[in-house]
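Please read the following account with the sequence and the three-dimensional view side by side. The text moves from the whole assembly to individual residues.

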Amino acid sequence: MFLTLTTDQPPATDLGFLLHKHPQRAQSFTLASGTAHVFYPRADADECTAALLLEVDPVGLVRGRRDSAFALGQYVNDRPYAAGSLLAVALGAVFRTALKGRCDARPDLAARPIPLRVRIPALPCHGGPDLVARLFGPLGWRVAATPVPLDPVFPEWGAAPYLDVRLSGRALLSDALKQLYVLLPVLDNAKHYWVAEDEVAKLLRAGEGWLAGHPERELITARYLVHRRPYVASALARLAEADEVAADELDNSLADAVATDQAQPGALALARRQRVLAVLREAGARRVLDLGCGSGALLADLLAEPAVTEIVGVDVAARALAAAERRLRLDRMSERQRARISLRQSALTYLDPALAGYDAAVLMEVVEHVDPGRLPALERAVFHGARPGTVVVTTPNAEYNVRFPALGPNRLRHPDHRFEWTREQFRAWAGAVAERRGYRVRHLPVGQPDPEVGAPTQLAVFTRKDG
Amino acid sequence: MAELSIPDMSLVVLVGVSGSGKSTFAGRHFAPTQVLSSDFFRGLVADDVNDQSASAEAFDALHHVAGKRLAAGRITVVDATNVQREPRAALVRLARQHHVLPVAIVLDLPESVCLARTAARPDRDFGAHVIRRQRADLRRALKSLSKEGFRRVHVLRGQDEVDAASIVVEPLLNDRRAQTGPFDVIGDVHGCLAELVDLLAALGYVVERDERGRAVDAHHPLGRTVVFVGDLVDRGPDTPGVLRLAMGMVERGHALVVCGNHEQKLVKALRGRDVSTGHGLAESLGQLAGEPPEFRARVEEFCDQLVSHYVLDGGRLVVAHAGLPERYHGRASGRVRAFALFGDTTGETDEYGLPVRYPWATEYRGSATVLYGHTPTPEVEWVNNTLCLDTGCVFGGKLTALRYPEREVVSVPARRTWYEPVRPLLPTGPAAAPAPAAHPAPNSPDPTAAETDGAEPDGAEPDGAETDGGEPDGADRTPRGEPDLLMLADVAGRRTVLTEHHGRITVRADQAAAALEVMSRFAIDPRWLLYLPPTMAPTATSALAGLLEHPAEAFGDYQAAGVRRVVCQEKHMGSRAVVLVCRDSSAALARFGVEGHGAVHTRTGRAFFEPELTERLLTRVGEAVTSAGLWDELGTSWLLVDAELMPWSAKAGQLIRDQYARVGAAAAAVLPVAERELAAALARGVPVADLLDRVTRRAADAEAFRAAYRRYCWPTRGLDGVRIAPFQVLASQGSTHHHRPHTWHLAVAERLVAADPELFAPTRSLAVDTADADSVAAGVRWWEELTSAGGEGVVVKPEANLTRGGRGLVQPGVKVRGREYLRIVYGPDYTAPEHLSRLRQRSLGGKRSLALREYALGLEGLARAARGEPLWRVHECVFAVLALESEPVDPRL
């Protein structure tokens, strides 16, 4: 992790005074993450360049941190090379006085904009070259950002998420340092960075004089202050590792869908829940299973239905159940309310006798998360094992996807969707299941139906023939 | 001396007033842990054995403990006065709930004796009126005890009888554990005498005939015993003839018969009860009318004393007409008998309004083999260690027997259709649409009918009332259908798996929770999933300069464990793949019940390729197995192979790009710039020489890191470019192969390579004698050559394969990875001395222990799969390996 600062305002070596670092010396500073070095590749009257190089100790960084020590990503990562949050921290520590704008030797210089060039050869950037321009451009910098190839041997792999960035312009040195201090972590937006409570004060100090008028200040503040949980390797992440896939490929039970309804975020989900509740009311269901309850949005609605006396939220993901427990505040619920609801880890590919004997089961946006080859097992578990009087199934209508401009062609609405059915495909599946298992089935639209491609979500109500 | 007989597993209720000597009696005849005394429980809940206000809580606790004991089949004695009807009734209910027989032993002692004893106890302060009231209760009890449901009532009058009494525990009538067979278990005969004689001949029995040529006995020269699953009678052409033969065999000890629902109904009809004569009873009655009254009487007595089920061969075999869940094995109650004769229903009805049969067999998890009949099916099919032997002979199917313990099925065809089924027998097979069994049940048999046999319940309580007593008909649809159903309880929560090679292995609940999510959301169909590869420990850490791993430690450790001959196998840098390939789709359907040719899956049970590509790959693998001649050589129609699938990038491509390539890209972008700037500073005389050296070295390390992962990446399109390096045959029909030396396994792999060199990659290997310095040196040299040419490293394994040492299992293999390859694992700069010295302090104990546990689980699952054990038994091992993989262990090992 490395950056250089250059000025060509004679006498350029005054940069040494401004930074409080002598141009003829190499200085080292011990930091928590490793050792920071400051040296000057050039220092003459015409041009002076200061370089900050942080030698990260990759072994030391993770030693003794048992909570997070067991993920391979902790050991082999880009931190020793990329100019992310660790470099920003080093910059703030090593140039603390300069960052505050103090320079007792050249006070007039510190108070005056000088021509500056900044080079960051490997800037991690989530958002592409355009974001760098959007962040630094309004501050008066000319921005040149060149993408770094992922691997020249495999050109088909494309670009890496790093940019070789050159900034040039006139600025107060302290402003330049403050801007780098804030914007490097904002661009990085990486997992290992999380902020403490006093970080708001730090941001206000470092943003003084430039952040308030920045057109992207909301993005900057949001990214800078976002509280990321420390990266704790879950049991699921370890299984992902055993299989050499990224942790979030398996541990995605709470992953967000691709934003489809940008105009009214959440409107379709709300319509879906309302329709499901209406169907349950109509069926007179009192004891209800929410199979695949996720973080419990429908469970909260069901709790608000006085006619529903018993609610069981079922999910296979322990993480989802924990989220539901938090959302519903089960630990603070009154005993009477608490007695109405329970959460259970179970899997619809196994037969679970505890799910038998309920009035209704809801599978809201669940079937499309099951591999087609495993649907017969789900069918058995739900329609043969649990065998409730009413089964409500909702699933995306694949035909409607063309009405979601945000969704690319042939893309699915969620990274974990194994398929999305057309109306005909869903009707065929539902009809066959009903026939095999002794249910009647009817179909309802959810959301505003489109004359051509139907409603965004499809819903099927199965009613057991023997009541 | 009076012997008081009590049935095994019974609940013994002592009855007697205070001071009648119940506790003394119990203490003399039973172990202290068998006796539950109300005084003791009052003490437990209230710190005072005489606190009558605590009685309700005390009895609650007593019943709870008694229930636990009865559930485990342990004789339990309740030491309380029990002179009142209500507490006795509660105990009778408890016994029935656990399907054991309640027995009463009454101590009827003179009032004076009881009064004197009570007065002599300083802790008893109740007056004589209490004793007198209890005596009055006792007198009433003596009149009603046998009507309350107690199967035996022993009354001891006076101290002399009490002193003279002794207790004898009798086995239940169903308890034939001492009979070890071998047996030939025969399905529903239904009056088909000719076919029965055919079948007995096919089984090797010699039939004896009387002077009129009628079959009256059959015996086997090797002393085998026939067990009939019931329903000898009705529908068929010669019910009397079948009964004559069966009764003769039973009388001479050549056969056992369990009661079928048709026998039970026949008894009622013969006794003149008003029963409907449908379902072939009319035929039986007509045929029996032609027999002399003595024969009819004999039939009535024979059928009446048939027991509901037998437990045979040390508890390993259970025969019951309609099958029996494990909790009913060896038990006696009205409900057990009702289940054994009629089966059970779920309480639901199907689309015809007919009761849905309870799928007890799909949920059966017992270790005893259960053989039964009752529901005709065209072909027999094992479901979780149970087998229905009714193949609809009377409906024109066949008559079937199972040789036990050989588990061979022997059938003879029906000579004709003797009785028209309402609907023809459906063809079965996993492909057939599963459907609940429907039972036209116009009449409801009474499962509570009185029995005469001593230890069978009299059904005083209508235990079986909720069963519909479904009468299976030829129209019956198979209840099997879905034998592959796995239960959540098979995997969830804290579980222990007993393994042959490493004892009990525990899976914690949190580990199971993680595995449940991955197995359920990402893994392939469990019927294809017989094995997940165990993790492998690396060799002990090397002390050699610049190295973390070196083969010397591996050789040394094996030598220390007493293993001289080891084999070094080239480690392919790909992705671990398990390949299950079937000879053809019909073999796959027959063995695994799934359409297709097998599966190719990862270490966590995920499919490598989409279905169409998998099928194409399996077709090629199958062709290679065919041309290598392995199907016939191994006598199998399926083969499970452990392999490495290459390139690494085929599966791990995303990970390589997102993690490894990024590190290389960032390093390559920044380090050369830093180097240039440092060189410029140095040229100016700034003292940065050391720093420049380090950065230069790191730049070289980063390039080496890129070179390391690049070796294992090449583009693939579909299957083009995909290669498989098999190195072990895991299992095939009836066999596992972990006792065969690795030389054999590699020779098999060679033959596959020869058959399809484009798809299969060879695995180079070298045998090393760990006690021979030259051989060890050659092994080291080979590792050096392989790894300096870019190879990942080698795996060192005991050549003999599965090896046990003085301290149990020896590691089945250790990996010795190359210096450059380890950059991918430990980071580009790990070879820097300051890093290496810290990295050497790695701890291998946890990884080694995990490797052995997963290895033993893998072998256990393979053995179960090879034996054809039920899916849940295989799956629990597979699942346990996945669960253990979620254990937090340093992923770099």
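The paragraphs below take up confidence, overall architecture, the interface, one strand and several loop residues in turn.

The complex shown here is a predicted model, to which the predictor assigns an ipTM of 0.86 and a pTM of 0.82. For chain B the mean pLDDT is 89, with 92% of its residues reaching 70 or more. An exception is the stretch 427-481 of chain B, where pLDDT stays under 50. The model nevertheless has 150 contacts beyond four places in sequence for this stretch. Where pLDDT is low, the predicted coordinates should not be read in detail.

Chain B has 893 residues, of which 53% count as buried. Its secondary structure consists of 26 helices and 34 strands, and its C-alpha atoms occupy a box of roughly 120 × 80 × 55 Å along the principal axes. Among the contacts in chain B with a separation of 6 or more, 74% are between residues 24 or more positions apart.

The domain assignment divides chain B into domain 1 (3-170), domain 2 (175-466), domain 3 (488-524 + 844-893), domain 4 (542-572 + 767-843), domain 5 (574-645 + 724-762) and domain 6 (649-710). Between domain 4 and domain 5 of chain B, the C-alpha centres are 28 Å apart. Their contact involves 8 residues from domain 4 of chain B and 11 residues from domain 5 of chain B. On the domain 4 side, these residues comprise 3 nonpolar, 3 polar and 2 charged ones. An unreviewed UniProt entry annotates residues 514-888 of chain B as "domain: Polynucleotide kinase-phosphatase ligase". Over residues 514-888 the chain is 50% helix and 16% strand, and the C-alpha atoms at the two ends are 12 Å apart.

Chain A is assigned two domains, domain 1 (2-225) and domain 2 (267-464), and their C-alpha centres lie 48 Å apart. How many residues of each chain are in contact with the other? There are 68 from chain A and 71 from chain B. Elements of chain A that each supply at least two residues to the side touching chain B include β1 (2-7), β3 (34-43), β4 (48-56), β5 (114-124), β7 (159-171) and α10 (235-242). By class, that side of chain A has 42 nonpolar, 10 polar and 16 charged residues.

Within chain B, strand β25 (residues 575-582) merits a closer look. Is this strand buried or exposed? Since 8 of the 8 residues of β25 of chain B are buried, the strand is largely enclosed by the rest of the structure. Both of its faces are covered: B:S575, B:A577, B:V579 and B:V581 are buried on one side, and B:R576, B:V578, B:L580 and B:C582 on the other. Strand β27 (residues 638-646) of chain B runs antiparallel to β25(B) and is joined to it by 8 bridges; here B:W638 is the bridge partner of B:C582. Strand β26 (residues 598-601) of chain B also pairs with β25(B) in the antiparallel sense, over 4 bridges, and B:A599 in β26(B) stands opposite B:L580.

The loop between β27 and α19 (648-683) of chain B contains B:P647, which is joined to B:M646 by a cis peptide bond with omega about 0°. In chain A, a cis peptide bond links A:P10 and A:P11, with omega about -10°. A:P11 belongs to the loop between β1 and α1 (14-19) of chain A.

Two residues of chain B other than glycine have positive phi values. B:R235, with phi near 75°, lies in the loop between β12 (225-228) and α9 (239-251) of chain B. Why does B:R235 count as buried? B:R235 has 27 C-beta neighbours inside 10 Å, and 20 or more suffice for that class. B:D313, with phi near 50°, is in the loop between β14 and β15 of chain B; this residue is buried because 20 other C-beta atoms lie within 10 Å.

B:R316 is located in the loop between β14 (309-312) and β15 (317-320) of chain B. B:R316 is partly exposed, as 15 other C-beta atoms lie within 10 Å. Leaving aside neighbours within four places in sequence, B:R316 is in contact with B:A368 and B:T369. B:R316 and B:P405 are 89 residues apart in sequence, while their C-alpha atoms are 9.7 Å apart in space.

Technical notes
Residues are numbered from 1 along each chain as its sequence is written. Chains are lettered from A and ligands numbered from 1 in the order in which they are written. This is a predicted model: local features need pLDDT of at least 70, side-chain atom pairs count only at pLDDT 80 or more; totals for chains, interfaces and linings use all residues. A residue is buried if 20 or more other C-beta atoms lie within 10 Å of its own, exposed if 12 or fewer, and partly exposed in between; C-beta atoms are placed from the backbone. Two residues are in contact if their C-beta atoms, placed from the backbone, lie within 7 Å. Domain bounds come from an automatic or database domain assignment. Ala, Val, Leu, Ile, Met, Phe, Trp, Tyr, Cys and Pro count as nonpolar, Asp, Glu, Lys and Arg as charged, and the others, Gly among them, as polar. UniProt positions are given in the numbering used here, feature names are shortened, and annotations may be inferred rather than shown by experiment. pLDDT is the predictor's confidence in each residue, from 0 to 100. Two strands pair if DSSP finds at least two bridges between them.
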